[in-house]
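Welcome, and thank you for taking a look at this one with me. Below are some notes to read beside the model.

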Amino acid sequence: MAGRVGPPLIFVDIDGVLIPLRSRPYAVRVGGHDDGPDQHGNPLLDRLDPADGDRLLALPGELVWASTWMAEANEVVAPRIGLPALPFVDWPDDDEEPPRGVHWKTKPLVRWAAGRPFVWLDDEISDADRRWVAAQHPQPALLHRVDPDRGLTWIDLAAVSRWLDHRPGVPQRRGHHSPGGRYAAARW
């Protein structure tokens with residue numbers, strides 16, 4: 001490999017990942033937002049867990065929104081979970097069909113990664129996506145499917161953290177705890 005490829009990217013979807021399809025089994029109040037979820041037209045915003053921002057920021061990589069929310073993710077979601085404005089994938093408007101069984105996001109994400117290692121957190125990832133990325137992307141990639149009913153859990157974050165910790169060029173965190181160990185008691 002000639003030269004440094006940069007830290008791994010961490011592509012994060014919103015619906016089904018940060019906003020689970022089912023209500024969370026515990027009450028979550030998104031601090032500092034008394035206006036309720038209806039101001040932005042999405043009644044499911046109350047399912048966001050404000051601690052997810054810190055959990056994602058603890059991962060050793062560069063966070064990128066990979067959601068159809070695009071720029072709106074920085075206006076609506078990021079402040080509710082304590083994230084700064086993040087870069088986002090601006091999905092192409094082309095009508096090119098993805099290969100059979102491959103998600104429509106897969107090819108644009110590989111193009112956006114531009115040869116960098118990446119993690120993709122989404123609720124619609126399939127084995128077809130994993131095979132396509134393995135064949136088309138020159139760097140390691142973890143395509144991690146999140147259960148859309150539960151949304152992002154400490155188990156998902158622990159799997160991502162383990163994968164990132166074993167990547168060459170990723171700074172090792174001294175004395176860190178797995179996301180599961182640090183947050184499990186408070187959240188799950």
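**Notes for a first look**

1. Let us begin inside. The largest nonpolar core holds 29 residues, and those with the most contacts inside it are Leu-18, Leu-56, Trp-65 and Leu-121. Two or more residues each come from strand E1 (9–12), strand E2 (62–65), helix H2 (72–81), strand E3 (118–122) and helix H5 (154–165). Helix H2 gives the most to this core, with five residues. Please keep in mind that the model is predicted.

2. Leu-18 is a good place to zoom in. Leaving aside neighbours within four places in sequence, Leu-18 is in contact with Val-12, Leu-48, Leu-56, Trp-65, Val-77, Ile-81 and Leu-152, among others. The list of contacts also includes Asp-13, Arg-24, Arg-47 and Asp-52. Apart from the core just described there is a second, separate one of 17 residues, which includes Trp-91, Phe-118, Trp-120 and Val-133.

3. Now for the charged side chains. Side chains of opposite charge can pair when their charged atoms come close. How many salt bridges does the count come to? The count comes to seven.

4. Start with Lys-105, which forms a salt bridge with Asp-13; the closest N and O atoms are 3.1 Å apart. This pair links distant parts of the chain, 92 residues apart: Lys-105 is in the loop between H2 and helix H3 (106–113), while Asp-13 is in the loop between E1 and helix H1 (52–57). Are these two partners buried or exposed? Lys-105 counts as buried because its relative accessibility is 4%, and the value of 5% for Asp-13 makes that residue buried too, the cut-off being under 20%.

5. Lys-105 has another partner, Asp-122, with the closest N and O atoms 3.0 Å apart. Because Lys-105 lies in the loop between H2 and H3 and Asp-122 in strand E3, the pair ties together parts that are 17 residues apart in sequence. Asp-122 is buried as well, with a relative accessible area of 0%.

6. For another salt bridge, turn to helix H4 (residues 127–136). Asp-127 and Arg-130 both lie in this helix, three residues apart, about one turn. Their side chains meet in a salt bridge at 3.0 Å, N to O. Arg-130 counts as partly exposed, at 32% relative accessibility. As for shared partners, salt bridges join Asp-13, Lys-105 and Asp-122 into one network.

7. Trp-120, a member of the second core, deserves its own paragraph. Its place is in strand E3, and it is buried, with a relative accessible area of 0%. Not counting residues up to four places away in sequence, Trp-120 touches Phe-11, His-103, Lys-105, Thr-106, Leu-109, Ile-125, Asp-129, Leu-142, Leu-143 and His-144. One of these, Leu-109, is eleven residues from Trp-120 along the chain, and the C-alpha atoms of the two are separated by 8.6 Å.

8. Finally, have a look at the largest pocket, which has a volume of about 200 Å³. Which residues line the largest pocket? They are Trp-91, Pro-92, Asp-94, Glu-96, Glu-97, Pro-98, Pro-99, His-103, Trp-104, Lys-107, Pro-108 and Arg-111. By type, this lining divides into six nonpolar residues, one polar and five charged. Two of its names may be familiar: Trp-91 is also in the second core, and His-103 is among the residues that Trp-120 touches.

Terms used:
Residues numbered from 1 in each chain as written. Predicted model: local features only at pLDDT ≥ 70, side-chain atom pairs only at ≥ 80, totals over all residues. Heavy atoms only, no water. Core = buried A, V, L, I, M, F, W, Y, C linked by side-chain atoms within 4.5 Å. Buried < 20%, exposed > 50% of the residue type's maximum accessible area, 1.4 Å probe, protein only. Helix = DSSP H or I, 4+ residues; strand = E, 2+ residues; numbered from the N terminus. Contact = heavy atoms within 4.5 Å. Salt bridge = Lys/Arg side-chain N within 4 Å of Asp/Glu carboxyl O. 1 Å grid on protein atoms, 1.4 Å probe; cavity = no way out; pocket = protein on both sides within 12 Å on 5 of 7 lines; lining within 4 Å. Points joined across faces, edges and corners; volume = space filled by probe spheres on them. Nonpolar A, V, L, I, M, F, W, Y, C, P; charged D, E, K, R; others polar.
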